[in-house]
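User: I'm new to this structure and would like to know what backs up the words people use for it. Could you walk me through it?

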Amino acid sequence: MEELINKLKKEVIEQLNLEDITVDDIDPDAPLFGEGLGLDSIDALELIVLLEKNYGIKIEDPKDGKKIFYTIRTMAEYISAHKKA
Amino acid sequence: MTAYINGTGLISPQKTADISGFLNDIVQHQADYFKCIEPDYKTYLEPLTARRLSRLVKMGITTAKICLADAGCSIPDAIITGTGLGSLEDVEGILERIHDDSVPISPTPFMLSTYNTISSQIAIQLKCHGYNSTYVHRSFSFESGLMDAMMLLEEKSAANVLVGGIDEMVPNHHALIRRLGHWKMNPVDNLQLLAYKTPGAVPGEGSGHFLLSSQNNEHSYATIRGVKTFYQPESFEESKDQILNFLASSGLNPEDIDIFLTGINADTEFDPIYFRMAQDVFPEKPLAWFKHLSGEFYTATLFALWTAANILKRQEVPPVIILKYKVQKEVRNILIYNQYRNVHHSLILVGKK
């Protein structure tokens, strides 16, 4: 899981172009939206694209997004559970 | 009518973002096209804002902010932008995603790929809820924006209008247009540009903003006394008549023009129009050019307007722009004449404030 979390941090930094943020700056248990990284609704769309592009995971119900994208760890757990073999 | 230029901001292939200088440290480019010398955007944009913006949009917002600071104006009444090609980088990004079916389309380049992104992003940054418009008319784009701004001032719908022009060059677009023969085939040295006796221009890019106002103040650079465009003239004589009529409409004749600032771009096919016009209409008047500094792009006249405004304010003429006949006296009127491939012709008359 820790390996996936680190990989995911790098992908999020790249996808969202977080120029001044490093992997170490991201707390895997801190909320991604509102506080923490302070992401917004467009970033949420970018994260949906990231899951589809990098892991082949499509989020069918947008309501699930709130739970999935709560933190880097919740994202990693969702990917682990849904990643296509 | 007259509009005062009360502030300017320019990012170009020269060091123009720093408004304290005026073409006194010329940048040499040896390249297929001339890229902008960009400032550190962190000075002008919050990192969280900047991360989602492409280079062109960052350039646009930055020149808007430089211009407004120069003019001492926090929020203009209207924002107008002219662009020939918009944000090419974002358009290419979205087209590549569409072409590659296996990759989902990312929202950011999609949102930023529209032509009016620049004007709207400036408005969002400034929290300006006034008139907002974008003109996309190839080489008339910037001039159309100027005309709109002057009409807003004339009808008193606005007192301060932020008007700008912006275009970028990217490798794919450069390669495509070069295949059409519009660009030179090999890299060139901008400081030796007229030595290349070949057809085709050398592309460049730039972002420039001007605060046009109905009132003169201590920030004023110069006045725009008139703007005119004409399309695909049938003959040289028609172009000549257009210029003479344009000057007459401002109560001037060719003798009143102190500098004839032209869009000469080292294209052997179309430059003769400028040289003949200079000889026939403005004999022995200082002949100037600017595209060895800016390169050719649809809104390149923004560089000429910035140059003219600075000359008139400072009463300094950078030697690098003069091709023929030194300026011997006070500069009161500068005529900017640009034409792109003898199709889109434009005239901007700039006067001392």
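**What the words rest on**

User: Which residues in α5(B) are buried?

Analyst: In α5(B), the buried ones are B:Thr117, B:Ile118, B:Ser119, B:Gln121, B:Ile122, B:Ala123 and B:Leu126. "Buried" means under 20% relative accessible area, "exposed" means over 50%, and "partly exposed" is in between, using a 1.4 Å probe and protein chains only. A helix here is a DSSP run of H or I with at least four residues, a strand is a run of E with at least two, and both are numbered from the N terminus.

User: Before we go on, what kind of model is this, and how are things counted?

Analyst: It's a predicted model, where local features need pLDDT of at least 70 and side-chain atom pairs count only at pLDDT 80 or more, while totals for chains, interfaces and linings use all residues. Residues are numbered from 1 along each chain as its sequence is written, chains are lettered from A and ligands numbered from 1 in the order in which they are written, and side-chain values use heavy atoms, leaving out hydrogens and water.

User: What makes helix α5 (residues 117-126) of chain B an enclosed or an open one?

Analyst: Seven of its ten residues are buried, so the rest of the structure largely encloses it. The cover over those buried residues includes α2 (55-71), β3 (78-82), α4 (107-112), β4 (131-135), β5 (160-167) and β7 (206-213) of chain B. Right after α5(B) comes B:Lys127, with a positive phi near 55°.

User: Why is B:Gly86 called buried or exposed?

Analyst: B:Gly86 has a relative accessible area of 0%. The limit for buried is under 20%, so B:Gly86 counts as buried. You'll find B:Gly86 in the loop between β3 and α3 (88-99) of chain B. Leaving out residues up to four places away in sequence, B:Gly86 touches B:Leu56, B:Tyr115, B:Asp167 and B:Glu168, where contact means heavy atoms within 4.5 Å.

User: Where do B:Tyr325 and B:Arg341 fall on that scale?

Analyst: B:Tyr325 has 40% relative accessibility, so it counts as partly exposed. B:Arg341, at 19%, falls under the 20% limit and therefore counts as buried. B:Tyr325 sits in the loop between β11 (322-324) and β12 (333-340) of chain B, and B:Arg341 in the loop between β12 and β13 (344-352). Neither is a glycine, yet phi is positive in each: about 65° for B:Tyr325 and near 55° for B:Arg341.

User: Over to chain A: how do you know how compact it is?

Analyst: Chain A has four helices and zero strands. Its radius of gyration is 12 Å, close to the 12 Å that the globule rule gives for 85 residues, so it is as compact as a globular protein of that length. The radius is taken over C-alpha atoms, and the rule is 2.2 Å times the number of residues to the power 0.38. Along its principal axes, the C-alpha trace spans about 30 × 25 × 20 Å, and 42% of the 85 residues count as buried.

User: What does the predictor's confidence look like in chain A?

Analyst: The average pLDDT (confidence in each residue, from 0 to 100) is 90 in chain A, with 98% of the residues scoring at least 70. Among the helices, the mean is lowest in α2 (residues 41-55) of chain A, at 91, and highest in α4 (residues 72-82) of chain A, at 95. Where pLDDT is low, the predicted coordinates should not be read in detail.
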